[in-house]
Each structure stands twice: as C-alpha cells, then as structure tokens.
Amino acid sequence: MNKSFICREVRAGVKVRHTVVSDLDTVMSIYDYARMRMRQSGNASQWVNGYPSRNVILDDIRKASSYVIESDNRIIGVFTFIIGEEPNYSVIDGAWPDNKPYGTIHRIAAAHGSKGIADFTLDFCRNAGVNVRIDTHADNAPMLGWIAKRGFAFCGIIYVEDGTPRKAFHLQCDKI
C-alpha cells in the first residue's frame, strides 16, 4: 500500500489517517456515542455487549486497518477498512457479483455533531483500487439509507461471528 493512501486529504480540511494507540480513548467514546444513536434509531441488537471492544480496536490498529477521520486536528469519525478476503463473506445467502479484489468497510462511526463521516470513508476507500463491500444489521435504517443512496448493490445475507445475519452490499469501483 502506498503512503498517499495511508494518510490523505479526502475533502478540503478533512483527512484520513491510520488510528494510533493514543487515539484509543477518543475512538472508544465515538463508539459509545454510536451505540447510543443506534438504540435511539430503533437498532437495539447491533453492537451489543460493548462491541466493538478496546481489544477489537487494538487488533485493528495492530493490523493497520483502523482509520480516523480528522478535521481541524480533531477526530470526527472512525472506521475499519480491510482489503482482502473477509471470512464472513465466504458464505452468502445470495451472490456476490464477481470475485475481483475488494475491501470491506466495518465499524464506521461518527463523533457527536459530526456530519458526512460515511461519505468521507467511502471517498477514501474508493481510492484503494478495489471494489468496496459493506454489511449492516437489518434494523440499521440510517446506514441502509446511506448505502442505497451511494449505489451499493444488495447481494444477500451473510452471518457474522456470533451467527447473526447482516445485509451485505457491493460497490463496483471504476479503478479496477
């Protein structure tokens, strides 16, 4: 992966960079806020029991797959982007459109008062030179609405580690 992909301005004044351990408290507070917003929007069964935990995020940091979005030197969002095979996607009730290289967006969350985090994330991920996949819980209406508006194709249902279903989507990127 080239350095310009690792830390890059996605819009004027907004940059994406790898998450570092010193960001962890801020990142975890963003996830706390995201869990609260999920509950308020009627999504009571996604990200339960403290998921994502500090250990999950530390593992993402160690694997260099966790990113923060900054504006005015303040972290306004966080996401995970993994290029390569996603084990949960190997079995799908449905079908992926192709077997071309892809990256998967996971654990996307916005800080209180922040807007456009999902779009900043997608701008960044589309520049990786691979297709983009994402999944979400059927009760996550805000994310499902965003996915639909951004041109992702519904591909079917996948199951995450705990056996619960998620709607899975694929975005064909022009760069590959």
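Trainee: Why does Phe152 count as buried?
Mentor: This is a predicted model, and the value is computed from it. The relative accessibility of Phe152 is 8%. Buried means under 20%. Phe152 therefore counts as buried.

Trainee: How many aromatic pairs are there by the ring rule?
Mentor: The count comes to nine.

Trainee: What makes the pair of Tyr89 and Trp96 tilted?
Mentor: Start with the general point. Two aromatic rings are described by how far apart the centres are and by the angle of the planes. For Tyr89 and Trp96 the centres are 5.0 Å apart. Rings pair if their centres lie within 6.5 Å. The planes are at 35°. Under 30 degrees would be stacked, and over 60 would be edge-to-face. The angle fits neither class, so the pair is tilted.

Trainee: Are these rings buried or exposed, starting with Tyr89?
Mentor: Tyr89 has 3% relative accessibility, so Tyr89 is buried. Trp96 has 16%, so Trp96 also counts as buried. The cut-off in each case is under 20%.

Trainee: And why is the pair of Trp146 and Phe152 called tilted?
Mentor: The ring centres of Trp146 and Phe152 are 5.9 Å apart, with the planes at 45°. Tilted covers what is left between stacked, under 30 degrees, and edge-to-face, over 60. So this pair is tilted.

Trainee: How do you know that Trp146 is buried?
Mentor: Its relative accessible area is 10%. Set that against the limit of under 20%. Trp146 is therefore buried.

Trainee: Which residues do ring pairs link into a cluster?
Mentor: Tyr31, Trp47 and Tyr51. Tyr51 also takes part in a cis peptide bond, with Pro52.

Trainee: What is omega for the bond that joins Tyr51 and Pro52?
Mentor: Omega is about -5°. In general, most peptide bonds are trans. Pro52 belongs to the loop between H2 and H3.

Trainee: What is notable about the phi of Asn49?
Mentor: Phi is positive, about 55°, yet Asn49 is not a glycine. Most residues other than glycine have a negative phi. Asn49 sits in the loop between H2 and H3. Its relative accessible area is 80%, so Asn49 is exposed. Exposed means over 50%.

Trainee: Where is Asn73 found?
Mentor: In the loop between strand E3 (66-71) and strand E4 (74-83). Asn73 has a positive phi near 60°. Its relative accessibility is 75%. The limit is over 50%, so Asn73 counts as exposed.

Trainee: Turn to the helices. Why are H2 and H3 called oblique to each other?
Mentor: Helix H2 (residues 24-40) and helix H3 (residues 54-62) pack at about 125°. Roughly perpendicular runs from 65 to 115, and roughly antiparallel needs over 145. The angle falls in neither range, so H2 and H3 are oblique. The axes are 11 Å apart, and the crossing is right-handed.

Trainee: Which residues make the contact?
Mentor: H2 gives Leu24, Asp25, Val27, Met28 and Tyr31, while H3 gives Arg54, Ile57, Leu58 and Ile61. Seven of the contact residues are nonpolar, none are polar and two are charged.

Trainee: How do you know whether Ala34 is buried or exposed?
Mentor: Ala34 has a relative accessible area of 11%. That is under 20%, so Ala34 is buried. Ala34 lies in helix H2. Beyond its neighbours within four places in sequence, Ala34 is in contact with Trp47 and Ala109. The C-alpha atoms of Ala34 and Arg107 are 9.8 Å apart, with the two positions 73 residues apart along the chain.

Trainee: What makes helix H4 (residues 117-126) largely enclosed by the rest of the structure?
Mentor: Seven of its ten residues are buried, so H4 is largely enclosed. They are Ile117, Ala118, Phe120, Thr121, Leu122, Phe124 and Cys125.

Trainee: Why is Ile117 called buried?
Mentor: Its relative accessible area is 4%. The limit is under 20%, so Ile117 is buried. Not counting residues up to four places away in sequence, Ile117 touches Ile69, Ile76, Gly77, Ile108, Ala109 and Ala110.

Trainee: Last one. Why is Ser90 called exposed?
Mentor: Ser90 has a relative accessible area of 63%. Exposed needs over 50%, so Ser90 is exposed. Ser90 is in the loop between E4 and strand E5 (93-94).

Methods
Residues are numbered from 1 along each chain as its sequence is written. This is a predicted model: local features need pLDDT of at least 70, side-chain atom pairs count only at pLDDT 80 or more; totals for chains, interfaces and linings use all residues. Side-chain values use heavy atoms; hydrogens and water are left out. Axes are lines fitted to C-alpha atoms, for helices over the stretch in contact, and angles run from 0 to 180 degrees between N-to-C directions. Helices (H or I, at least four residues) and strands (E, at least two) are DSSP runs, numbered from the N terminus. Angles under 35 degrees count as roughly parallel, over 145 as roughly antiparallel, 65 to 115 as roughly perpendicular and the rest as oblique. A crossing is left-handed if the near helix is turned anticlockwise from the far one by less than a right angle, and right-handed if clockwise. Contact means heavy atoms within 4.5 Å. Ala, Val, Leu, Ile, Met, Phe, Trp, Tyr, Cys and Pro count as nonpolar, Asp, Glu, Lys and Arg as charged, and the others, Gly among them, as polar. Buried means under 20% relative accessible area, exposed over 50%, partly exposed in between (1.4 Å probe, protein chains only). Rings of Phe, Tyr and Trp (its six-membered ring) pair if their centres lie within 6.5 Å; planes under 30 degrees apart count as stacked, over 60 as edge-to-face and the rest as tilted.
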